[in-house]
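Trainee: I have a new structure open and could use a walk-through. Can we start with whatever term I need for the strands?

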Amino acid sequence: MATQNNNGATPQARRVKSMSDGKARRNIEIFILSAPAILLFACFVILPIILGAYYGFYQWKGYGSPSQTGKFVGFQNYVTALKDPSFQAAILHTFEVVIGSLVIQAPLAILFALLLNQKFKGRGLIRTLIFVPYVVSEVIVGTGWSLLLQKKGAINEILANFGVDGPDWLADPKIAMFTLLLLISWKYIGFAVILMLAGMQSIPEELYEAARVDGAGFWQMQKSITLPLLAPTLRIWVFLSVIGSLQLFDLVYIVWGKYVSTTAGVSTMATYMVREGRGAGNYGYGSAVALIIFVISLVIALTYQKYVLNRDLDGAVTEQKEAKKRTAKRAKEARRLEAAATASEVK
Amino acid sequence: MKFKTIAAATLAMATVVGMCACGSSNSAKDENTITFWHNATAGTGKQYWEDMAAAFEKKTGVKVEIQAIQNEDFEGKLTTAMQDPSSGPDVYMALGGAKTKDMIDAGQTMDLTDKISDTVKNQMASALKSFTYDDKVYGVPVTVQPGGIWYSKDLFEQAGIDEVPTTFSELKSDIKKLRDAGIEPIALGGKDAWPAGHWYYWLSLRECSTDAYAKGVNEKDFSDSCWTKAAEDLQELLDMDAFNEGFLTTTAQQGASSSAGLLANHKAAMELMGTWEPGVVKDLTPDKTAMADLGFFAFPDVDGGKGEKGALMGAATGFSVNPEAPQAAVDFVNFMAEKDNQEEYATAFSTIPASEEAMDSVTDDNLKQIIEAMSNSDDMQLWMDTALGGNIGNALNSGVVNLLSGQGTAADIVKAMEDAAAKG
């Protein structure tokens, strides 16, 4: 058999062999090309998560390794964190920010984008100006606003000129959350506007022309054409905004600091983690908090992907099945067309 | 073709392994080079360490590699670097209090008891106590920085105050005089929390008997009523509107609107701070020169308090040695303690040297007053949050901020410290 194969393999056999050769080569190529990315991902994303979960089981000060200098406490850190009223408050504040940013920014961004999508003088300038806060670093924005908004800061001085006794924008728990939402909206609205604007510009002009011919007014066109066709952009923006709000840290940390943010009612999950983990030197406890935050964010992200984004993301993790179905359908369609083409040729 | 594939694979693997391998320890220690970490990143302080390292190299031939690390980053970087002592710095600034204790327990600090020079033993006896744990020495101090109240002599005069207060009730009546004269009495950097904490530390040092205080700090037993009493005293100050308007969002040292800036610009009359205050205030005056009318007085005694009269609290900064460091590192910390170096250190940092023989070189009037206060008191306590360690110290500072923002009671501060024990 072997001799025969070597000497004169049938064309059929040769083709099979070269095909399996090609397949192996492709596998090697895939391995080589993706290995660095996978290794980096494993080293800097997966491994830290696993280590964080592991540290979370110890009372540990960060000196030496937890198994030597720490004390194994099982799930106690996780329980303490979830029971801590100040962590519960931080989670609540985070969700207030998530909802607040969506409610404030979405309508504003769409209105701004509609406005900036019209042709008028100075449009380029306004587009740039609205995007500027997004480009400036959080630290600079935070330092600037924290100076402006102090009880005796510039804003209250200006108000005093008009005879208004300005409130304590930052430290008063009744208004601190609104101040924060205002800052966030000011900082991130530019990003939302740019995204919406791009979405609007991808809507074909013909649709509007046809609507105009049918006698539709401006607002009717926006309602029936712009908004429905903007939906995919809106869904992506909501996703990015929610993830951003869940991670909110720098602005709060710089404007309020890790202690006053709690008394003012604007502490977030991340500021709590830094205060109780790094600030207190409880690296074990801090890791447990970090893992809880990770799980909360992951659940939200996956849920959103499964129920909302699946229309936009082909092949997202949560809907592989549907994607497979769709591929199969497409292949079937192609075969049908091919068959039809052959049939018409035969005719 | 095949060769190319293999070559590419090898290259890819080498790159990846190379990436993962970075950060592993450097090769075997060189006996004639030591690495040295401190936190003076600018000005005369940074220059001082460079000059001193050069002098040491000239004397012994040992090269000192210096890394100046920003103060707020220092602890995090040190903790990470010392995970593997063989790759950590040979000589590093000690964190003090419970943090140094944690590092000792993790085997990351060299026992220097038999290695320190006689100069250190004799001239620094008092400051050395801050680096002694279970009768063993783990660091060489360079400076002692007790705290007290810094004030503007001009503003006190404006309010008609002739003498600095020596008791808490005198302090309260002076606060009232200042308020009546339209001057903010006390500048407080509440955003950073620790300056607010300091008021509570000092009040408890005055209220608590030596035993009760030691029990609290060492055994975390805060059952004595003096701990609540101190918080009530603080509440009194809050209720009489003693602090600057908007003190909760005031930082300690950043810019003209910080608490040190308010004092520097005569917007507030006093601030409770450590020995570093003149240096900080100097940078915040309008023309960046020393504040001419800056004065100092010791924290007043509390009427009926059980604490030792004139007891001091503050920081002792010093340097520890890596257990795997060569002999040169030990020589280096002993070299720091020599009289000339201590005198130059005190000048460069505008502070009080740890070495008693070098104290005569201090010329600043305010610092001289502090040195006098030191000679009146047996011992200097470490800042309470440092002594308690990060965990409980952090809870203590949060508790004080809660009280000052009207969201907690005196009893809550004590409870917060007890709750913190569950997290660490």
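Mentor: Two strands pair if DSSP finds at least two bridges between them. Keep in mind that this is a predicted model.

Trainee: OK. How many bridges join β6(B) to β11(B), and do they run parallel or antiparallel?

Mentor: Strand β6, residues 140–146 of chain B, is joined to β11(B) by six bridges, and the two run antiparallel. Within β11(B), B:V140 has B:F319 as its bridge partner.

Trainee: What stands opposite B:F319 in strand β3(B)?

Mentor: That is B:M93. Strand β3 covers residues 91–93 of chain B and is joined to β11(B) by three bridges, antiparallel.

Trainee: And which way does β13(B) pair with β11(B), parallel or antiparallel?

Mentor: Parallel, over three bridges; β13 is residues 380–382 of chain B. One pair of bridge partners there is B:L312 and B:M380.

Trainee: How many residues of β11(B) are buried?

Mentor: Ten of ten, across residues 312–321 of chain B. Both faces are covered. One side has B:L312, B:G314, B:A316, B:G318 and B:S320, while the other has B:M313, B:A315, B:T317, B:F319 and B:V321.

Trainee: Switching to chain A. Which residues does UniProt list as "transmembrane region"?

Mentor: The unreviewed UniProt entry lists 30–57, 90–116, 128–148, 175–198, 236–256 and 283–304 of chain A.

Trainee: How much of 30–57 is helix in the model?

Mentor: Residues 30–57 of chain A are 93% helix and 0% strand, with end C-alpha atoms 38 Å apart.

Trainee: And what about 283–304 of chain A?

Mentor: That span is 100% helix and 0% strand, and its end C-alpha atoms lie 31 Å apart.

How values were computed: Residues numbered from 1 in each chain as written. Chains lettered and ligands numbered in written order. Predicted model: local features only at pLDDT ≥ 70, side-chain atom pairs only at ≥ 80, totals over all residues. UniProt positions renumbered as here; feature names shortened; annotations may be inferred. Helix = DSSP H or I, 4+ residues; strand = E, 2+ residues; numbered from the N terminus. Buried ≥ 20, exposed ≤ 12 C-beta atoms within 10 Å, placed from the backbone.
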